[in-house]
Structure formats: structure tokens, C-alpha cells
Amino acid sequence: MKLSSSLIFTSSYLGAVSGFSSLPSVSKRTVSTLVAERPFTSSQIYQYATAPEGLVNVADIWSERDVYSMEQWATQYGMQKADGVELYSEDGGSDYSLMTNSGVAAGETVIWVPSSIVINSASVEQEFGAGCLQQVEAVLIQIDEFAAMKGTATDSYYRLPLFRLMVRILAEWEKGQDSVYFPWLNSLPRQFFNGASMTKRCFECLPPYAGWLASTERTNYGHFNMALKQGYVPLNPETIMDREAVKWAYNVALTRFHEIWQPDRQKLIAPMADMLNHAAEHNCEISFDYEGNCQVTALYDIPAGSPLTISLGDPTNPTPIFAQYGFLPQDCATIFCKAMHLDKQIKELGYEFSELLIQTETGEIAPKVWDVFLYDLLQKSDPNSAQEFGMACRNDDESTKQYYLDQYYSYTLEALKEHVFGILNSADKLTMRAQSYDLETHPRVPVIVAHNQLVIQTFTMTATLLQQMG
């Protein structure tokens, strides 16, 4: 079933948008000047004749999520689901997911969402007009380039589709109950626990790797917010200046999008399909056809009573999931070795963080972690040997690698012990600091403590293993 034209924009709205094409191009002003000006003029920002009624109160974190009205709404617009697929909550309504009460066969379509209600970053340009988006995105890129000079760069080119989703969500939110998407908006969580929602004091309680990832999300949000305030997008000034609404819209976009690369790169949100939660051993996958329809398919036979899950990230490294989504996967088998101080050596060897792991059940260290620590030691003591060892690592020359690992075993072992005991000491202190905070003002303490305790438990086992080695 196709939505009426009101789903996209009213004729008066389209008329307002068309005026943006005549705006002058963004000049090469400094970011500080851009921020200071913050122009809000009637020629740049769409002005409503009357304020819409029934805005979703995003500031009320205790507001009930009306997920069942959302399901009815999606069904009216053509969403279909397999028999027995139901929404459910294990915590009284804070978090919802999907499950099957009757079982699903491998290859069966679990959920189908028509493109008419899928929010697509590629279509936002058509809906808002290319002129206004090009100008605000040019500002965002300038902000990012300025940050790069300060050493806090983020990849704004990569995140432009996310910015478009955020703007579209804000545009629908400020319409209140006049928005066709109101039932979906009213089903969403009001509170988030990810990096973008954390404060400086939260970051002070996280180990370096988690702190870096979480603070990067916060920086990305800050850049989006700064660009939004320049007034090139067709939103009410009150919306743009509403910090709670902007952060909420950013978090909704960040935590609910699915990315595709064909026929071109897009970020999309499919209502109802966005209720699927994460699992390392997920049983469903999301795909989109060339018309933009969303299909959720069972990867294998799923027995009755099972949750329906997808993958939200690399299951071998849960910290990026923690930073983006604000939860810690309970089924992660490994974590990153936390050797952020050896980032230069990791890159020189051509290794990825996802290869530098420690087993959460045993504390066992991946072989490439030994390589990185030995490479650092050789760079400090014998540059020629470091060069030869580094080449062996890059070329998978196992015999040469093993020669150096045997020769410098005791030194590498001591370096690893120093690192592991240092992480344990730091994580203990960070956890105690987090536990000293008032939960009323720092509601993200529990997820931070859970992350740190996973690190402590894993590294304690690793320390025991290293002690047994000599």
C-alpha cells in the first residue's frame, strides 16, 4: 500500500524547500565564524504558521514506548510478518525485540517492509532539495577539516548519509501527530547509553580504547549539531536549538540504520525491522531490493520461542558495539587486547584491532598480540631486527617470526605482563570512580561498569596464564 503525498511533504513544504536552491554557496569562512554567526533568517528556515500538536516528549525518559500502535501502523501501510512473529520485552518495556512463537524455516521471510515507509538517506536530498543539503553538508565537511587540524578528525564524508537521516527524523518529529511517522517515533526509546550520550565524566571512567571510541561518537554528534545550527535545513529554529531533540534524533539514526552499497551507498531505517536485536550467532539478516523494500530472512531453521536477531557488528570485538549502541553483548567470545599505545606498531604491521584479541572464557592471547609487543621491543632495542621481523609479519613468514619470538620470548612475556597488570590496575580504579557517581545524574554508570568488569575478568585470567608461563 502506498502512502499518500502527505508522507513525503505537503505542497507548501515543497514550495518552501524549492527556495533553498537560490541560496549562495558556502564561503570559506572559519568554523569559529560559522558557529558564532548561527544565522536564522526567514529565507533560510521553514516557518510553520502554527506549531504542531502532540510532539513526542523525548526528554521524558520514563515515557512509555507505544510499540504495538507502531506495529498496527506499519501493518496498515503494508508491513508483513511471518505467523508467530511477535514483539516482546524482558524488562517491562524499556527494550523490545522480536521473537517467533511458532518457529521459522531457513530462507523464510520473517518481516517485509515496503519502501513507502522506509526512511532512506538517498531520498532525503530529493525531499528537502539538493541546495540546502549541499550547503549544510559543506559546512559539516569544513567543521571536520578544522577538527583534523586539531587532531580530532572524524570521517564526515562517510557520515553524510547519517546526517541526512537525522535531519529527516527531526523534520518528522517537529510535525507532531501530523507526521505519518508519529506512531513509529512514539515507539522509540527516549534514553540512550552510547558514546554520543555520555559525558566527559563518563569517558573518564573508561579504558583508553573504549573511551576513544565512545568520545569519537560524541564528537561526531557535536559536529552534526554544529552544522545543523547554521540554518540551511528546513527546520524550525526551536527544533534546531532543542538539544534533547537533536541528540535524540542523532541517536535514533545512529542505532537503527542499516547500510547498503548497491546500487549506491545508502543508510536506511525500516520500521518494525529496526526492532531486531543483536546476537553474535544471529539467526536473521536484513536486505533491501532495488526498489527499497526491506526483507528480513531466516538464516537457518529457528525453533519456536527463539528471539530473532541480527548482527550489529563484529562479534569478536564488542567495544565498538558498546560505543555505538550503548550495550555490552553478553555472548562475546573475545575482546580487544587494549594496546592503544601501540597503534603505530599495529598499523605498520598491517594488523587490525579485530585480530588482536583475548579470549573472554580463558584469557588466552591471540598470536598477533605477541607479534605487536615484540615488534615494539625490537624497534626500541634493535631497529634492523625490527625491520626484518616486521617484514616477516607482513609477509606471513612464520619461520622467521617464530625465530624472533623464541629469541625474545622472556622479554615479550614481561612486556605483556606489564601491559596486562597495568590494564587491571587502571580498570579497577576506573570502575571505582564510576561507582562513586550518582545514578540519577549519571544513568550510564551500569553499562560502563559492566564493560570494565568484562575487561577485569578477562585480563585477570590472562594475568594468571602469563604468570604460569614464567
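Averaged over the whole protein, pLDDT comes to 86, and 87% of the residues reach 70 or more. Keep in mind that this is a predicted model. Below is a quick tour of its confidence, one helix with many buried residues, and one pair of packed helices.

**Where the confidence sits**
- Helix α1 (residues 11-18) has the lowest confidence in the protein, with a mean of just 29.
- At the other end of the scale, strand β4 (residues 109-113) has the highest confidence, at 98.
- Residues 1-51 stay under 50 in pLDDT, and for this stretch the model has 101 contacts beyond four places in sequence.

**Helix α14 and its neighbours**
- Helix α14 covers residues 367-381, and its 15 residues should span 21 Å at 1.5 Å a residue.
- The C-alpha atoms at its ends are 21 Å apart, so the model agrees with that expectation.
- Plenty to look for here: V369, W370, D371, V372, F373, L374, Y375, D376 and L378 are buried in α14.
- Those buried residues pack against strand β13 (357-359) and several helices, including α13 (343-349), α15 (383-394) and α18 (445-468).
- Helices α16 (398-407) and α17 (409-435) are also among the elements they pack against.

**How α9 meets α11**
- Helix α9 (residues 208-228) packs with helix α11 (residues 243-256) at an angle of about 125°, and their axes are 11 Å apart.
- That angle makes α9 oblique to α11.
- The α9 and α11 crossing is right-handed.
- On the α9 side, look for E217, R218, N220, Y221, F224, N225 and L228, which meet R243, V246, K247, Y250 and L254 in α11.

Terms used:
Residues are numbered from 1 along each chain as its sequence is written. This is a predicted model: local features need pLDDT of at least 70, side-chain atom pairs count only at pLDDT 80 or more; totals for chains, interfaces and linings use all residues. Side-chain values use heavy atoms; hydrogens and water are left out. Helices (H or I, at least four residues) and strands (E, at least two) are DSSP runs, numbered from the N terminus. The expected span of a helix is 1.5 Å times one less than its number of residues. Buried means under 20% relative accessible area, exposed over 50%, partly exposed in between (1.4 Å probe, protein chains only). Contact means heavy atoms within 4.5 Å. pLDDT is the predictor's confidence in each residue, from 0 to 100. Axes are lines fitted to C-alpha atoms, for helices over the stretch in contact, and angles run from 0 to 180 degrees between N-to-C directions. Angles under 35 degrees count as roughly parallel, over 145 as roughly antiparallel, 65 to 115 as roughly perpendicular and the rest as oblique. A crossing is left-handed if the near helix is turned anticlockwise from the far one by less than a right angle, and right-handed if clockwise.
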